[in-house]
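Let's take a walk through this structure together. Have the sequence to hand and keep the 3D view open as you read.

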Amino acid sequence: MQAWKRLAALAALAVVALAPLAAQAQGKEQYKVVLQVSDADPAKWGLALNNANNIQHDLGKGNVQIEIVAYGPGLAMLKGDSKVAPRLAQALDSSIGLLACENTMRNTKTTKDQMYSGIAYVDAGVVHIMKRQREGWAYVRP
Amino acid sequence: MQAWKRLAALAALAVVALAPLAAQAQGKEQYKVVLQVSDADPAKWGLALNNANNIQHDLGKGNVQIEIVAYGPGLAMLKGDSKVAPRLAQALDSSIGLLACENTMRNTKTTKDQMYSGIAYVDAGVVHIMKRQREGWAYVRP
Amino acid sequence: MQAWKRLAALAALAVVALAPLAAQAQGKEQYKVVLQVSDADPAKWGLALNNANNIQHDLGKGNVQIEIVAYGPGLAMLKGDSKVAPRLAQALDSSIGLLACENTMRNTKTTKDQMYSGIAYVDAGVVHIMKRQREGWAYVRP
C-alpha cells in the first residue's frame, strides 16, 4: 500500500509539473508583465499596485506573473518608509514581485536595511526590463 | 447581363477581402499600435491624439490599426466633458479606437452616460494592453 | 611579407565583421533598446541618459545598441541650448543614437541649426519607435 501511495504522490507531482506545458500546448501560455516605476510620485506607486491587483483579478492569480521594477526616482516606492509601505506586504503576499534597482541604490547611497523588508533586487532595473521584454513579457509603464 | 454584374461585384468584394492576406503574404503586415493614457493631464491627451494622427499620416491610414486606451487617472480623457472632447469625434471618424477602462469606471463610480458617446470599452485597460502586446502590437506611452 | 600582412589584416577584418553573426548563431544576439523622451522635463532627459549609460555598463558597450528618440515636448532635450547639452557629446561618443522627430520640428518651426550638432533625425519619432519594436527592440520610457 505504501508503494501505491508513493506512486499516487508521484503522479500528482507530475500533473502539477506538466500543467504549464499542457497549458502552453493549448496556447494558454501564462501571462507575464513587468510594470515600471521610475517616478518619485506616490500616486504612480499606488497606480502600479492597483494595476497589479486588477491584472491578477482579471486574469486569475495563477495565470499571470507580475513584477514591479522600481528604479531612478521611483526607488523610493520600495523603501521602508515608503508612502505605500502598508500595501507592499499585501503585494508580496499576492506573489507580486517587487524589485529594487541596486544601481540606483549605489548612486543614492541607499542600503538594503533602508529598503522594505522582503523585496528582491536586480543589478540594473532598466536592463532587467529589457531582458524581460526579450523573454516575451509585456511591458507597462503606469 | 445581370449575372455578369453580380459576378463582377463579387470579384471586387473578393479582392477587397483578400487584400490584407495578400499584404501579409508579401511581408507587409499591417502596423498595429496601442497608445496608453493613464495621466490626468490634458497635454498628454493631446499628445496621444497627435501621435495617432502622425502615425496615420506617416504610414497611411489603411496600413495601421491604432487604439488609445484610457485608464486610471487617464479615464477623464474620454469623458463627455473632456478638454479634448472636440478632437474625439475626429479620432473616431479616422477609425482610431478609443477604449475606456470599465474597472476604473467602477472604482470611480463613472457611468457610460458620462463618457463620450461612440467610444468603446474594455474590462481592464492594463490587461487589454498586455493582450495587445502578446498579439504583436507595438506599445507606446506618450 | 607585405602580402602576408595584408592577408592578416583581411582575416582580422573578417573576424570583426562576422562576430555579430557568430554571436547570433550562439543565441547571444545583441541587445537593442529604444528609449523614449516625450516630456519637457530635464530630469527625465538626465534619467534617459543615465539609463543609457547603465545599460552599456551592465551589458558591455559592444553587446547593446541604444537609441534615444525625442519627440513632442521632449524635442527640447536635443536642442543646441538643451539643459543636458554637455552630456549629449558624451552620449554620441559612446555610440548612443540621439534621434530627433522632424514632425515635431515642423510643428514647432524648429530648424536643424537650432538642434544639437551631430544628432540624427527621423521623420516621425513615434513611428520609429513602432518600427523598432516590430524589429524586436525593447522599448523603455524612462
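What follows goes through the two interfaces of chain B, and then the empty spaces in the structure. Keep in mind that this is a predicted model.

Start with chain B and the side that touches chain C. Here 17 residues of chain B are in contact with 18 residues of chain C. The size of an interface is often given as the accessible area lost when the parts come together. For chain B and chain C, that buried area comes to about 1500 Å², with carbon and sulfur atoms giving 59% of it.

What about charges across this interface? The rule finds one salt bridge between chain B and chain C. In that salt bridge the side chain of Lys44(B) meets the side chain of Asp39(C), at 3.1 Å from N to O. Polar contacts add to the picture: nine residue pairs are counted between chain B and chain C, with both partners at pLDDT 80 or more. As for which elements of chain B take part, strand E1 (31–37), helix H2 (42–59) and strand E5 (138–140) each bring at least two residues to the side that touches chain C. H2(B) gives the largest share, seven residues. Sort this side of chain B by class and you get ten nonpolar, three polar and four charged residues.

Now turn chain B around to chain A. On this side, 18 residues of chain B are in contact with 18 residues of chain A. The area buried between chain B and chain A is about 1500 Å², and carbon and sulfur atoms make up 59% of it. Which three residues should you click on in chain B? Val126(B), Met130(B) and Arg134(B) supply 38% of the area that chain B buries against chain A, more than any other three residues.

Between chain B and chain A, too, the rule finds one salt bridge. This time chain B brings the acid: Asp39(B) pairs with Lys44(A), side chain to side chain, at 3.1 Å from N to O. The count of residue pairs in polar contact between chain B and chain A is nine, both residues being at pLDDT 80 or more. On the side of chain B that touches chain A, the largest share comes from H5(B), with seven residues. By class, this side has eight nonpolar, five polar and five charged residues.

Next, look for empty space. Rolling a probe the size of a water molecule over the atoms shows where empty space is left. The structure holds six cavities of 30 Å³ or more, and the largest cavity has about 50 Å³ of space. Its lining is made up of Gln36(A), Val37(A), Ser38(A), Asp39(A), Lys44(A), Ala48(A), Arg141(A) and Pro142(A). Strand E1 (31–37) and helix H2 (42–59) of chain A are the elements that give two or more residues to this lining. Three of the lining residues are nonpolar, two are polar and three are charged.

Finally, find the largest pocket, with a volume of about 850 Å³. Of the 35 residues that line this pocket, the closest to its centre are Gln133(A), Gln133(B), Gly136(B), Trp137(B) and Gln133(C). Elements of chains A, B and C each supply at least two lining residues, among them helix H5 (125–134) of chain A, helix H5 (125–134) of chain B and helix H5 (125–134) of chain C. The pocket lining has 14 nonpolar, nine polar and twelve charged residues.

Methods:
Residues numbered from 1 in each chain as written. Chains lettered and ligands numbered in written order. Predicted model: local features only at pLDDT ≥ 70, side-chain atom pairs only at ≥ 80, totals over all residues. Heavy atoms only, no water. Contact = heavy atoms within 4.5 Å. Buried area = accessible area lost by both parts, 1.4 Å probe. Salt bridge = Lys/Arg side-chain N within 4 Å of Asp/Glu carboxyl O. Polar contact = N/O pair within 3.5 Å; in protein donor to acceptor, adjacent residues only side chain to side chain. Helix = DSSP H or I, 4+ residues; strand = E, 2+ residues; numbered from the N terminus. Nonpolar A, V, L, I, M, F, W, Y, C, P; charged D, E, K, R; others polar. 1 Å grid on protein atoms, 1.4 Å probe; cavity = no way out; pocket = protein on both sides within 12 Å on 5 of 7 lines; lining within 4 Å. Points joined across faces, edges and corners; volume = space filled by probe spheres on them.
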